[in-house]
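Open the model in your viewer and show the side chains as sticks. This tour goes from one selection to the next.

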Amino acid sequence: MIRHTPMKLLVLGATGPTGRHVVDLALAAGDTVTVLARRPEALEEVAGRVDVVAGDATSHDDVARAVSGQDVVISALGRSTSVRADALFTRAAAAVLGAAGEQGVARLVWLSSFGVGDTYRSASAVQKIFYRTFLRNISTRTRSSPSG
């Protein structure tokens, strides 16, 4: 049996379905969870079980405030059903990498689902070529699955 050492996790994107699942798994594993959220009110179901920091994942200062004292940053940021990222991931990555580096947090998990489900169906022709070429081992398998 593998023994889990509880960790202090910062979760970004916790108000979305994937991020919420990450939060639930982390709490079940006994981890201490901090969430950086633009809409803290969307986390009422886990109030009292997580620390919520109001802020934006693209803001260096907000991320720095939330990442202080953490062991790991887990990003489950997403754009819902929109395929337009509006540089969200680029801006958030810059904020997270800078703030985590300053705070000495060396572990980062970045989840993404571009190229699967609705993001594939509503993608432009160029995006579909990209998905089929560079992400074919991931997106093809997901698109052909019964649930995808």
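The stops below follow the salt bridges of this predicted model. A search of the whole structure finds three of them.

**Stop 1: Arg20 and Asp24.** Select helix 1, residues 17-28. Both Arg20 and Asp24 lie in this helix, four residues apart, about one turn. They form a salt bridge, with the closest N and O atoms 3.0 Å apart. Now show the surface at Asp24. Asp24 counts as partly exposed, at 33% relative accessibility.

**Stop 2: Arg20 and Glu45.** Keep Arg20 selected and add Glu45. Here is another salt bridge, and its closest N and O atoms are 3.5 Å apart. What does this pair tie together? Arg20 lies in helix 1, while Glu45 lies in the loop between strand 2 (32-37) and strand 3 (51-54), so the pair links parts that are 25 residues apart in sequence. Is Glu45 buried or exposed? Glu45 is exposed, with a relative accessible area of 66%.

**Stop 3: Arg65 and Asp62.** Move to helix 2, residues 60-67. Arg65 and Asp62 both lie there, three residues apart, about one turn of the helix. Their salt bridge brings the closest N and O atoms to 2.9 Å. Check the surface again. Arg65 counts as partly exposed at 48% relative accessibility. Asp62 is buried, with a relative accessible area of 17%.

**Last stop: the network.** Select Arg20, Asp24 and Glu45 together. Salt bridges that share partners join these residues into one network.

How values were computed:
Residues are numbered from 1 along each chain as its sequence is written. This is a predicted model: local features need pLDDT of at least 70, side-chain atom pairs count only at pLDDT 80 or more; totals for chains, interfaces and linings use all residues. Side-chain values use heavy atoms; hydrogens and water are left out. A salt bridge is a side-chain nitrogen of Lys or Arg within 4 Å of a carboxyl oxygen of Asp or Glu. Helices (H or I, at least four residues) and strands (E, at least two) are DSSP runs, numbered from the N terminus. Buried means under 20% relative accessible area, exposed over 50%, partly exposed in between (1.4 Å probe, protein chains only).
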